[in-house]
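Student: I'd like to learn how to read strands and helices in a model like this one. Can we go through it together?

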Amino acid sequence: MKHRHVIDLEDLTFSQLQQTIELAGKIKENPEKYSHVCDGKIMATLFYEPSTRTQMSFQTAMMRLGGKVIGFDNPQNSSVAKGESLKDTITVMSGYADIVAMRNPVEGSAKAASLYSGVPVINAGDGGHLHPTQTLTDVVTLSNEKGRLNHLKIGLCGDLKNGRTVHSLIKTMCHFEGNSFVLISTKDLRIPNYIKDIMDKSNCPYVEVDNLQDNISDLDVLYMTRIQRERFASPEEYEAQKGVYILDKEKMKNAKEDMIVLHPLPRVDEITVEVDDDPRACYFKQAVYGMYGRMALIMLLLEDKDYYFTNDVEKKTTEKCCSNPRCVVNQETYLPKHYYNKDNNIICDYCDHEI
Ligand code: CP
């Protein structure tokens, strides 16, 4: 059994990631050359959760490669509203389309969908778990705007606890030599321990601080994030955190001339509108780089079928339920309870929480 899904950016080997970044750059330089590579192919974009950039950039990516797009951006307009399971929706859609991009608020849902899909599934965000093509967007942006992916001092600011893009970016940038991180957040929104373990194992230095103004001056990159209202247990907890970090013109005065500001967007109030006119503000360009990154990924998945093939390891199954209430196995109860072992713990194969 083989698979060619992109659930996590770690599904790509390091050299595959580099090849995808390089191809994105080539497409950006000469888009015309690639405008028919997906002629006759169809992508299904299944968005169970709101999205502007990810959804539209997948759609425009496919169309700019010559392909066509079907799908929904509101499950209430599909048979999901009548109670159709994820398994049934994916099974049917993979009979219509050549490739599926899915966003779903349920953690582990992309991995679950991949079990029933005969075509590649790309995870376009599964709740607070993973968002691999945002990280691809970020590294394509860094590669083009900084000219390198190594020896960068990267500040990450805001919701480092719930920000899946932050976790994924750190994991990926740890693979490149000489990177270090300045983690700027309140105590309640600190980075999870498993990400600290990854930085430690990769010998990537990091510091945890709570002040943006005092720590901006020697950064090469500042990655701002939104305080994610939808991930908080109560409105009171969100209110206590919102508006703590605001990047404005005054703070930008302390930053290096070649520092760049990234943000996965959407923003709420964490970057003032006046910063948009600063040439170091790269977050709107970043959204465009995302389209080129997705074009490269779609092209490699569809054009070069052996490219992303890896041997599918046999899954181990348990009777125990995942302890994460947001995990897909607790909602789509027919799913086999797959797990893997890590550091003597039993880990859910869908959401990567301990069982
Ligand atoms: N960055 C990002 O995922 O944006 P959307 O939620 O608009 O897709």
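Student: Which residue is the bridge partner of I154 in β9?

Tutor: First, some ground rules: this is a predicted model, where local features need pLDDT of at least 70, side-chain atom pairs count only at pLDDT 80 or more, and totals for chains, interfaces and linings use all residues. Residues are numbered from 1 along each chain as its sequence is written, and side-chain values use heavy atoms, leaving out hydrogens and water. Now, strands of a sheet pair through backbone hydrogen bonds, either parallel or antiparallel. Here, I154 has V221 as its bridge partner in β9. Strands are DSSP runs of E, at least two residues, and helices are runs of H or I, at least four, numbered from the N terminus. β6 (residues 153-157) and β9 (residues 221-224) pair in the parallel sense over four bridges; pairing takes at least two DSSP bridges.

Student: In what order do the five strands of the open sheet run?

Tutor: The order is β8-β7-β6-β9-β10, with parallel pairing. β8 (206-209) and β10 (260-262) each have a single partner strand, so they stand at the edges with one side lacking a neighbour in the sheet.

Student: And at what angle do α2 and α10 pack?

Tutor: Two packed helices are described by the angle between their axes and the distance between the axes. Helix α2 (residues 53-64) meets helix α10 (residues 283-303) at about 55 degrees, axes 8 Å apart. Axes are lines fitted to C-alpha atoms over the stretch in contact (heavy atoms within 4.5 Å), with angles from 0 to 180 degrees between N-to-C directions. The contact includes F58 of α2 and M291 of α10.
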